[in-house]
Each structure stands twice: as structure tokens, then as C-alpha cells.
Amino acid sequence: MTVTWTSGYDITEAVPFVEWGEKGGQRLLAPAGTLTFDRTSMCGSPARTVGWRHPGYIHTSFLKELWPDSPYTYRLGHRLMNGTRVWSKSYSFKASPYPGQDSLQRVVVFGDMGKAEADGSNEFSDFQPGSLNTTYQIIRDLEDIDMVVHIGDICYADGYLSQWDQFTAQIEPIASRVPYMIGLGNHERDWPGTGSFYGNLDSGGECGVPAQTVFYTPAENRAKFWYATDYGMFRFCIANTEEDWRPGTEQYKFIEQCLSSVDRQKQPWLIFLAHRVLGYSSCTYYESEGTFEEPMGREALQELWQKYKVDIAFYGHVHSYERTCPVYQSQCVVDGSDHYSGPFQATTHVVVGGAGASILDSEFTTSKIQWSHFTDFDHGFVKLTALNHSSLLFEYKKSRDGNVYDHFTVSRDYRDILACSIDNCPRSTLAS
Ligand SMILES: [Fe+2]
């Protein structure tokens, strides 16, 4: 388990650490590293000018050799140079399951949440009116959530750096209890002339640095920010749409490596996530692109999703909810349904970018789109529940009331994962 926090102490002023252990058991000390960044790491204005504020010191500690599923408690400490120790309050978490372990595992997925003030103070443009409702619903259900994945457009600080502290304070009740994994979005990364795949101004000059420093992810290179992560029977492959993903790139190699390197008997539930819609969206923005996707998205990747039998691909960026039928090459391989069973046929694509940011720019086309099975023009998020190796439950909940408005289940044995459907079995020989 990785623990990250922010303080005002540089390493010359205090030694950061975590005191932790099994609930009621012996206390251990784990060292923490310290990172920061300064104005010269910002790529432009406002992050480098009027939006700049020193982020303080960001401490990260790794708690290792955890007993699967066991409850732990921890608190953050600093040993000052005069020997005094200062402490945070005490927090708790449950250790992750062993990869492949058969137990109940529940993961919440959403994009584009952002932040707001409960009392309405300090609002600038009120661009994320749904974010508090989403945060409250997740906190309310936290006893029954094991992990959260926020796929890009994290806090919309857009170069006004103090807003990162506002956002992390808002999610602290969640992120101090369960793993809070993030992907990068345009509002974290994009800036002209900095190697982002899109040359727009959406990060307000941050060019990825605050997100990549405040949030630890198990990426080989935190500046690239694509990574694989396992949770029990799940394998998550988290891509970064703000860097090139096309065949021949470093990221494409990572995506294939992540999808191909999982033992599906042990981890049957294979999930792909990315911020922009690389698969399918029938919102008017992507309709006007003429593609119903981010151009060069599925053309580059659908072969991989199909070959490696990706169950669900999640996206944000569009601030509403949409679920497709199991779809390949723009055709429903089977009709959209609330229950799928038997051999894998094709990937279900889900846009779940309605966690907070304004839905007003994310209307759906009025044309009839064959692969679009369910749409909801509202704020919401998804909860995935792996009941065991053969049963997965998918639920879409509205942020306003936490109730389920769309759902489906998958029932599939291991032989159904091995079974061949379109374009996804290696060649076999006729010899017997
Ligand atoms: Fe976005």
C-alpha cells in the first residue's frame, strides 16, 4: 500500500515516516520519500505566473509485506530536528487481496470529477457541479468499496495550483481508506510544445507535473503515466490518451504487454481505461468529428481489445454516461443486454465522465446509433463487483441519489475465456 501526504517540512527540517501495523498489533515504522517542484517545472501561464503557489513537500511511503485482506491502521509522522515527533490522526485500510484470490472485490470507476465547496464559497466558474454529490455517495458506500479509479480530469486546477490541495482535501476520506488510482486527462497534461499528443492549453501550464507528483502510480515512468495494476481477480490496464498510443509507439507496446500478460484463469476480469474516448461515444462532440471516437483511437486498438478479450473499456472526457453493446469494428457482435453469458464475444465500451464536470457540453446525438445501448445525461459513476471467477456485476449509479440506473452481469467460466470468437484465437494445426 502506498501512502502519500503533503506537509510544509522539507527534508532538512524533519524526517517523514508512517507508523503502521495490523489493527491492534505491533507498530512498525516505514520511511517516506520527499518530492516537490518549483515554478520552473511549470510550462506556462497561469501555472508559472498568477496561478503559482508552492505545493509544499509531497511525502510517499510504501507499506510492504501486507497480509491479504487484513485490516491495518496507520498515522503519518515527522521527526523534527530537535527530536520532537508530530503526528497526524489515525487512519485505517484493508490490505489488497492476493492477485487471483477468490473473494468479493468492488471497484468504483469514473472520470472528470473535479471539486466544489459545500458552502458555495470560493467558486470561480462552478464547472464541476456534480463533484460533491459523487464524493458524498462514495463516502456513504465506502464500507462496500475496495478501490477507486479516477480516469483523468482530476481536479481542473488548470494552472491554479492551490486547487490541488482543495481537491485532495475533498477526497481524503476516500483516498485515506482505499487505493485511489488516477489516469491523466487533458486538464492535467496538455500544453503546446511539450510532447503532449494534443497541443492545447487545457492544463493551464501544469503540463502534468502536479498530477504526476501528488499521485503515486506504479508506472515505470511517472511522466508517461501508463501502467498496469492488479486487484484480486481484476487486471486494470490504464492508458494515457494525452500521449501517442498508435502502433509503433512506446505506449502501444505497453498496452499490448499489459493485456497479454495476465493469467485469465486467475484474473478473469480484464479492464482497459483511458481518459478520452478511444472506443465509442455518440455525444455530439464526437459526432461532429465524424468518427464517434477520438480520431485514431479504435482503429489503433480494437485489434488488441478483441485479441486479448478485454471485458470492459472505460473512458471519461465526455461528461455523461453511455454503454455500448459488445462491439467490434462498429458492429454489435451480440445485442446489448443486462446479462451476458458463455464465451467472450466483444468488448463493452463505457463512457463514465459524468462524475462532476458540467454535463452541458456532452449532449448525445439525435441520430439512432446501433451500438449505443444505454445513455444517461446526468452525473454518475460505475461500480464493478467481482463476485467470484465466473460472475461480474456492473452498476451505473447516479450521483444525486446513489441508486442504480443501468446494470449488467457477466457469467463466464474459464473455458468460455479460452473459447474462440472473432479474431481472437491463435492459429491451430489440423494435426491431431
Ligand atoms: Fe477531458
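In the predicted model, Thr4 has Thr60 as its bridge partner in strand β4. This pair belongs to a stretch in which strand β1, spanning residues 2-7, and strand β4, spanning residues 57-62, run antiparallel and are joined over six bridges. Strand β4 also pairs in the antiparallel sense with strand β3, residues 28-35, here over four bridges, and within this second pairing Ala32 stands opposite Ser61 of β4.

Residues 1-94 are covered by the annotation "domain: Purple acid phosphatase N-terminal", which comes from an unreviewed UniProt entry. Over this span the chain is 52% strand and 0% helix, and its end C-alpha atoms are 9 Å apart. A further annotation from the unreviewed entry, "domain: Purple acid phosphatase C-terminal", covers residues 346-407; that span is 48% strand and 0% helix, with end C-alpha atoms that lie 17 Å apart.

The domain assignment divides the protein into domain 1, residues 1-95, and domain 2, residues 99-418, and the centres of the two domains, taken over C-alpha atoms, are separated by 27 Å. Contact between them involves 23 residues of domain 1 and 21 residues of domain 2. On the side of domain 1 that touches domain 2, strands β1, β4 and β6 (85-94) each supply at least two residues, and the largest share, three residues, comes from β6. Sorted by class, that side of domain 1 has 12 nonpolar, eight polar and three charged residues. Strands β1 and β4, which pair with each other over six bridges, are thus also among the elements that supply residues to the side of domain 1 touching domain 2.

Note on methods
Residues are numbered from 1 along each chain as its sequence is written. This is a predicted model: local features need pLDDT of at least 70, side-chain atom pairs count only at pLDDT 80 or more; totals for chains, interfaces and linings use all residues. UniProt positions are given in the numbering used here, feature names are shortened, and annotations may be inferred rather than shown by experiment. Two strands pair if DSSP finds at least two bridges between them. Domain bounds come from an automatic or database domain assignment. Two residues are in contact if their C-beta atoms, placed from the backbone, lie within 7 Å. Ala, Val, Leu, Ile, Met, Phe, Trp, Tyr, Cys and Pro count as nonpolar, Asp, Glu, Lys and Arg as charged, and the others, Gly among them, as polar.
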